Amino acid sequence: MSTPMTLERPEVTLGPLRWVGARVAVGAARVLATQQPARIRRVLARLARGARPADYDQALAARQAVMAVSLTCRGARGCVPRSIATMLMCRLSGTVPTWCVGVRSLAPFAAHAWVEVDGVMVGESVPPGYLRTLLSVGRAAGHSEVS
């Protein structure tokens with residue numbers, strides 16, 4: 001199996017305000033991604049309070065904006081900052097998806113972070129059931145849960 005040498009840039013055009021918002025979300029996410037999972041969960045749960053649920057298109061647009069401004073978030077190992085930045089980007093518009101951290105359900109073991117809407121992973125190219133959620137933060141009054 002070969003590894004791609006270039007990262008694909010999402011085909012999205014960002015206006016100046018959206019570009020700034022995406023850069024701020026990515027910067028904050030990169031800092032937050034260095035924290036312990038419990039702290040990340042607390043911060044995201046607090047941010048989710050009072051937000052409306054994001055729909056799939058909103059979450060996908062936020063993910064694409066984040067990936068358009070950050071090489072780290074486009075990378076294969078950028079799942080944690082990418083997922084956090086996507087949630088922060090959605091929150092800027094008053095909505096939030098569900099932030100999830102989990103593991104592959106098949107060997108070999110690997111951890112992954114993503115966002116989902118109504119149980120559907122946003123922008124991920126894995127089949128349903130491929131990942132098992134261990135930790136999630138939803139929008140229900142900042143509710144967080146550990147599965």
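These are my notebook entries on what I looked up in this predicted model.

**Entry 1: the overall layout**

I started with the whole protein before going to single residues. I counted 5 helices and 7 strands. Reading from the N terminus, I wrote the order of elements down as α-α-β-α-α-α-β-β-β-β-β-β. The protein has 147 residues, and 41% of them are buried.

Next I looked at how the chain meets itself. Among contacts with a separation of 6 or more, 67% join residues that are 24 or more positions apart. For the outside, I noted an accessible surface of about 8,600 Å², and carbon and sulfur atoms hold 56% of that surface.

**Entry 2: the cavity**

Rolling a probe the size of a water molecule over the atoms shows where empty space is left. How many cavities of 30 Å³ or more does the structure hold? I found 1. The volume of the largest cavity is about 50 Å³.

Which residues line the largest cavity? I listed Arg63, Cys79, Arg82, Ser83, Thr86, Ala113, Trp114, Val115, Val122 and Glu124. Sorted by class, this lining has 5 nonpolar, 2 polar and 3 charged residues. Both α5 and β4 supply at least two residues to the lining. The biggest share comes from α5, which gives 4 residues.

**Entry 3: the second largest pocket**

I then turned to the second largest pocket, which holds about 210 Å³ of space. Its lining is made of 14 residues, and nearest the centre I marked Pro37, Ile40, Val80, Val101 and Ala113. I had already met Ala113 in the lining of the largest cavity.

Which elements each supply at least two residues of this pocket's lining? They are α2 (37-48), α5 (79-92), β3 (98-104) and β4 (111-117). By class, I noted 11 nonpolar residues, 2 polar ones and 1 charged one.

**Entry 4: two buried residues**

Is serine 70 buried or exposed? I put serine 70 down as buried, because its relative accessible area is 4% and the cut-off for buried is under 20%. Serine 70 sits in the loop between α3 (56-69) and α4 (71-74). A polar atom of the serine 70 side chain is 3.0 Å from the backbone nitrogen of cysteine 73.

Threonine 95 was next, and I found this residue in strand β2 (residues 95-96). Its relative accessibility is 1%, so threonine 95 counts as buried too. What does threonine 95 touch, leaving out residues up to four places away in sequence? My list reads Ala51, Arg52, Pro53, Ala54, Gln58 and Cys90.

**Entry 5: backbone oddities**

Most residues other than glycine have a negative phi, and most peptide bonds are trans. With that in mind, I looked for exceptions.

One turned up at the peptide bond from alanine 107 to proline 108, which is cis, with omega near 0°. Proline 108 belongs to the loop between β3 and β4.

Another was aspartate 118, which is not a glycine and still has a positive phi of about 50°. I located aspartate 118 in the loop between β4 and β5 (120-121). Is aspartate 118 buried or exposed? Aspartate 118 is exposed, because its relative accessibility is 78% and the cut-off for exposed is over 50%.

**Entry 6: residues far apart along the chain**

Last, I checked two pairs of C-alpha atoms. Alanine 28, in helix α1 (residues 16-32), and alanine 85 are 57 residues apart along the chain, and their C-alpha atoms are 7.4 Å apart. Alanine 28 has a relative accessibility of 38%, so I wrote this residue down as partly exposed. That value falls between the cut-offs of 20% and 50%.

The other pair starts at threonine 13, in the segment before α1. Its partner is glutamine 64, 51 residues along the chain from threonine 13, with 9.6 Å between the two C-alpha atoms. Threonine 13 counts as exposed because its relative accessible area is 78%.

Note on methods: Residues numbered from 1 in each chain as written. Predicted model: local features only at pLDDT ≥ 70, side-chain atom pairs only at ≥ 80, totals over all residues. Heavy atoms only, no water. 1 Å grid on protein atoms, 1.4 Å probe; cavity = no way out; pocket = protein on both sides within 12 Å on 5 of 7 lines; lining within 4 Å. Points joined across faces, edges and corners; volume = space filled by probe spheres on them. Nonpolar A, V, L, I, M, F, W, Y, C, P; charged D, E, K, R; others polar. Buried < 20%, exposed > 50% of the residue type's maximum accessible area, 1.4 Å probe, protein only. Polar contact = N/O pair within 3.5 Å; in protein donor to acceptor, adjacent residues only side chain to side chain. Contact = heavy atoms within 4.5 Å. Areas by Shrake-Rupley, 256 points an atom, 1.4 Å probe, with all protein chains shown as cover.
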